Amino acid sequence: MAVDKHLFLIGMQGCGKSSLGKRTAKETGVPFADTDVMVAQSAGGTVNEFFEKYGEETFRRAETNALAALTYARPMIISTGGGTVLNPVNRHIMRSWGTIVLIDRPLEDILSDIKLDRRPTLRDGGLAEVERVYHERLPIYRDLADITLRNDQGYHMAVYILTRLVRERL
């Protein structure tokens, strides 16, 4: 990957994109951004508050705007929302401006510790909705990814692998 590219983290909600991205950024000194946080902060609240106030369609537009804005920043680790990949414009932005890393965590692990009250697109459908969305999106994630990081050997191993990847790529 060229020095002018980002590392985009994609994957299912609860797969570890934000926690792994933050820790890896701390370990490597590479800047970190989280598109969900950027969107929520733009409205002065949380992701849940944004969804409640403006709805998912407005959130998805703001998410695209956040991705586009990040293309002007220096190379960084960018955690994307679980549904970011659904928009073809977002897929184009990520393909054009970086390397895409799928954080692939087994569904059983996601189900065991996901906090549905923090996941506005999953909260109403419960664990069955998590499973449905996982199976719907997994082929999209896999098709889009340049690299797949299996997050099934624990947090510290995933941080180690992602840190090594960042040091090789950025």
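**Figure 1. Gln153, an exposed loop residue.** In this predicted model, Gln153 has a relative accessible area of 57%, so the residue is exposed; the cut-off for that label is over 50%. Look for Gln153 in the loop that links β5 (147-150) with α8 (155-169). Thr64 makes a handy second landmark: 89 residues separate Gln153 and Thr64 along the chain, and their C-alpha atoms are 32 Å apart.

**Figure 2. Ser19, a partly exposed residue of helix α1.** Ser19 sits in α1, the helix made of residues 17-28. With a relative accessibility of 38%, Ser19 counts as partly exposed, because that label covers values between the 20% limit for buried and the 50% limit for exposed. If you also display Ser79, you will find its C-alpha atom 9.1 Å from that of Ser19, although the two residues are 60 positions apart along the chain.

**Figure 3. Ile10 and its contacts in strand β1.** Ile10 belongs to strand β1, which spans residues 6-10. Its relative accessibility is 0%, so Ile10 counts as buried. What touches Ile10, once neighbours within four places in sequence are set aside? The contacts include Cys15, Lys17, Thr80 and Val85. Also among them are Met94, then Ile100, Val101, Leu102 and Ile103, and finally Tyr141, Leu144 and Ala145. Two of these stretches are worth placing: Met94 is part of helix α5 (residues 88-97), while β4 covers residues 98-104. For a sense of scale, Glu27 is 17 residues from Ile10 in sequence, with 20 Å between their C-alpha atoms.

**Figure 4. The two faces of helix α5.** Which residues of α5 (residues 88-97) are buried? They are Asn90, Ile93 and Met94. These three cover an arc of only 95° around the axis, so they lie on the same side of α5. Turn to the face directed away from that buried side and you meet the exposed residues Pro88 and His92. The cover over the buried residues of α5 includes β1 (6-10), α4 (56-70), β4 (98-104) and α7 (126-144). One of the buried residues, Met94, is the residue listed among the contacts of Ile10.

**Figure 5. Helix α3 and the glycine that follows.** Helix α3 runs over residues 47-54, and its buried residues are Val47, Asn48, Phe50 and Phe51. Because they cover an arc of only 160° around the axis, these residues share the same side of α3. The face turned away from the buried side carries Glu52 and Lys53, both exposed. Among the elements covering the buried residues of α3 are α2 (35-42) and α4. After α3 comes Gly55, with a positive phi near 90°.

**Figure 6. The whole chain, for orientation.** Zooming out helps to place the close-ups. The protein chain contains eight helices and five strands, arranged along the sequence as β-α-β-α-α-α-β-α-β-α-α-β-α. Its C-alpha atoms fill a box of roughly 40 × 35 × 25 Å along the principal axes. The radius of gyration is 15 Å, which agrees with the value near 15 Å for a compact globule of 170 residues. Of those 170 residues, 48% count as buried. Among contacts with a separation of 6 or more, 77% join residues 24 or more positions apart.

**Figure 7. Surface and charges.** The accessible surface of the protein chain is about 8,500 Å². Carbon and sulfur atoms contribute 50% of that surface. How many charged side chains are there of each sign? The protein chain has 23 positive and 22 negative ones, and the centres of the two sets are 5 Å apart.

How values were computed: Residues are numbered from 1 along each chain as its sequence is written. This is a predicted model: local features need pLDDT of at least 70, side-chain atom pairs count only at pLDDT 80 or more; totals for chains, interfaces and linings use all residues. Side-chain values use heavy atoms; hydrogens and water are left out. Helices (H or I, at least four residues) and strands (E, at least two) are DSSP runs, numbered from the N terminus. The radius of gyration is taken over C-alpha atoms; the globule rule is 2.2 Å times the number of residues to the power 0.38. Buried means under 20% relative accessible area, exposed over 50%, partly exposed in between (1.4 Å probe, protein chains only). Contact means heavy atoms within 4.5 Å. Accessible areas come from the Shrake-Rupley method with a 1.4 Å probe; for residues, only the protein chains shown count as cover. Lys and Arg count as positive and Asp and Glu as negative; His and the chain ends are not counted. The place of a charge is taken as NZ of Lys, CZ of Arg, CG of Asp or CD of Glu. The arc is that of the directions from the helix axis to the C-beta atoms.
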